[in-house]
Amino acid sequence: MKSNKTTELMVGMFIAAGAAALFVLAMRVSNLSSFSAGDTYHLTARFENIGGLKVRSAVTVGGVNVGRVTKIDYDSERFQAVVTLDVENRYNRFPEDTAAAIYTAGLLGEQYVALEPGGSEEVLKDGSQIELTQSALVLEKLVSKFLFEKAAEGEKK
Amino acid sequence: MDAAQPQNDSDTLVRIRDLHFSRGARAIFDGVDLDIARGKVTAIMGPSGTGKTTLLRLIGGQLDPDRGSVQVDGEEVPALSRTGLYALRKRMGMLFQSGALLTDLTVFDNVAFPLREHTDLPESMIRDLVLMKLQAVGLRGARDLMPSELSGGMARRIALARAIALDPMMIMYDEPFTGQDPISKGALVQLIRLLNDALELTSIIVSHDVNETASISDYVYVISQGEVVGHGTPEDLAKTDSEWVRQFMQGLPDGPVPFHYPAPDYAKDLLNDAV
Amino acid sequence: MLEWIRQLGRSGISQFETLGRANLFLLKTLVGLPGLLRRPGLLVAQLWSVGVLSLLIIVVSGLFVGMVLGLQGYNTLVDFGAEESLGVAVALSIVRELGPVVTALLFAGRAGSALAAEIGLMKATEQLSGMEMMAVDPIHRVIAPRFLAGFISMPLLAAIFSAVGVYGGYFVGVGLLGVDDGAYWSQMQDKVDLFDDILNGVIKSLVFGWVVTWIAVFEGYDAVPTSEGVSRATTRTVVYAALAVLGLDFVLTALMFGD
């Protein structure tokens, strides 16, 4: 075996390299860098249909990532999905009449919640509910609606 | 053969009574009585495979007997707790057949091993102690060698230095002379006796090298087939009535222990082939 | 027929005995771990032989696995015009699966077999008995530092493997095949999740490190103390460890990614 000092040095370098590799994986490979662990506040929104939205899906405003979906519940009295959004504290000036919509990234991509600020003076606070929502578009519904309308048009003629 | 004659208690370091031990269905010891006198060199001899090494492991508490009592310095070894056993082992040294040096440590570190494990002595004092022990076995110059660079005889002397590192009350030697050339054998024989007298140790030698062992022993036990078949001073044993002991002590090829493994009649056996 | 069934029963019982011994052995080893706090030198020496000496094979393998993934992924994805997703494909397959699994297999071959052989030889040459007679518990002195070193080294090695692999894929995909640099990283960062993917990969490598090292030190300690026994223990270590890693990988994957 090498002398004690060399061994210790190499072992130290080995552990440092392992830690650096973990750091690279976290910062460079995963989405940690785009996900701030800073303080957040909660908003809720009710949707008729959330489509393929999942916990940890993104919340964006004008395409900018501002938070995440942290909880999805179903209210069995009002037959609505209740989605809890975690929004970073530095984006805390959304007007009260902000709307939430569920969109799809690209044709087959993941679904996310997009917020569209309104014009009210009042701002949304922690725990507020977003009243204006637009459900996810379900492909099958769209297709059948389209076919149905076409058929109806044909009959009229 | 009857049991060993009772001796004065304070003179007896190891007292074994009615020892039974078996491995699987094979009985290794079947009622062995032994007394090892304090301050003396006691040899335990017997043919290969009679469990002499097993006896040392029983004394050291590495094995537990099926029945009977093993007392070392008044303590009942099988009944000791782990802590008690480890405390007792610090006062025992054992020299294994192969030396059992730690192959990843130098000679110096091997001898220092028990000191570093069991004491908080400063490194300078450990160095002095190790060099003293190495000097005692005549290998102070070999301190920086690795065990793989040692000859068999040197490895055993280093192991001996390690065994006396903690100044034990007794040392057990497991086949110390096997596979040694005459010179290193002679050196070991002399060392065992010298160390025993100089350090006021009690030595137990397990061996089947009759001449070397008898030359330095104060008392000899001969074990065969799980029993003590003879004991006494080497001079007594040389004059014994027992044919068996005489055959063993003098190394005769044939006698009560037959040269031939039990077999059908020779002539018949040869003829059988033709049938 | 009856004899055959008895044979089966006997081997079953002996398997269970071995399993019981292995568990007791692990328990004793764990009891020995706190003692290492006072003697970090023992751990450092083992980190050297278990971790640092495995580094080269891990780095080289990681690099090549990443490069192969880059090449294969590119050829498949380019048919769909989706070569921009190469980063995702490389990173996910390495971080979730290949990093922990291949590292564990290499680790079993490199460090596990060495551990088993070393401990088996120490047993065969009476070094372990010798320690016992010097009132030093070989499980505390010899086994515990080796076990801990394996458990610590394995996730570090797996992380290094993964990181090197991702750069290997980058080298082939971006450097040689012309995938867009930005797309490689941004798509990767978009799709690879810190918790779902990276953390699960680390958990896998921790489990594998535990199991592989456990098998290695136990097989060595339980070896028949002859040269044949030691060689069998070494072989068994690699075989059992590989089987355990692949089997556990399925179970863990089902638990983690099975929703």
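Helices here are DSSP runs of H or I at least four residues long, strands are runs of E at least two long, and both are numbered from the N terminus. The expected span of a helix is 1.5 Å times one less than its number of residues. Keep both in mind for the stops below.

You are looking at a predicted model, in which local features need pLDDT of at least 70, side-chain atom pairs count only at pLDDT 80 or more, and totals for chains, interfaces and linings use all residues. Residues are numbered from 1 along each chain as its sequence is written, chains are lettered from A and ligands numbered from 1 in the order in which they are written, and side-chain values use heavy atoms, with hydrogens and water left out.

**Stop 1: chain C**

Select chain C and show it as a cartoon. You should find 9 helices and 0 strands, so to speak an α-α-α-α-α-α-α-α-α pattern when read along the sequence. Its C-alpha atoms fill a box of roughly 65 × 55 × 35 Å along the principal axes.

Of the 259 residues in chain C, 49% are buried (under 20% relative accessible area with a 1.4 Å probe, counting protein chains only; exposed is over 50%, and partly exposed is in between). Turn on the surface and you have about 11,500 Å² exposed, 69% of it supplied by carbon and sulfur atoms (Shrake-Rupley areas, 1.4 Å probe; for residues, only the protein chains shown count as cover). Take the contacts in chain C (heavy atoms within 4.5 Å) between residues at least 6 apart in sequence: 84% of them join residues at least 24 apart.

**Stop 2: helix H8 of chain C**

Now pick residues 194-221 of chain C. This is H8, with 28 residues, and it reaches 39 Å from first C-alpha to last, close to the 40 Å expected at 1.5 Å a residue. Zoom in on its start: a side-chain oxygen of Asp193(C) comes to within 2.8 Å of the backbone nitrogen of Phe195(C).

**Stop 3: the sheet in chain B**

Move to chain B and look for an open sheet of 4 strands, in the order E2-E1-E4-E5, with antiparallel pairing. Strands pair if DSSP finds at least two bridges between them. The edges are E2 (26-37) and E5 (75-76), each pairing on one side only. E5(B) is joined to E4(B) (residues 67-72) by 2 bridges, and the two run antiparallel. Label Val72(B) and you'll see it opposite Glu75(B) in E5(B).

Next, add H1(B), residues 52-59. This helix lies across E1 (12-23), E2 and E4 of chain B, at about 120° to E1(B) (axes are lines fitted to C-alpha atoms, for helices over the stretch in contact, and angles run from 0 to 180 degrees between N-to-C directions).

**Stop 4: Thr42(B)**

Select Thr42(B), in strand E3 (residues 41-45) of chain B. Is Thr42(B) buried or exposed? It is buried, at a relative accessible area of 1%. Beyond four places in sequence, the residues that Thr42(B) touches include Ile36(B), Ile205(B), Tyr219(B) and Tyr221(B).

**Stop 5: Gln62(B), facing chain C**

Finish at Gln62(B), in the loop between H1 and E4 of chain B. Gln62(B) counts as buried, at 15% relative accessibility. Which side chain of chain C makes a polar contact with the side chain of Gln62(B)? That of Glu132(C), at 3.1 Å. A polar contact is a pair of N or O atoms within 3.5 Å; within protein, one must be able to donate a hydrogen and the other to accept it, and residues adjacent in sequence count only if both atoms are side-chain atoms. The backbone oxygen of Ser129(C) also lies 3.2 Å from a polar atom of the Gln62(B) side chain.
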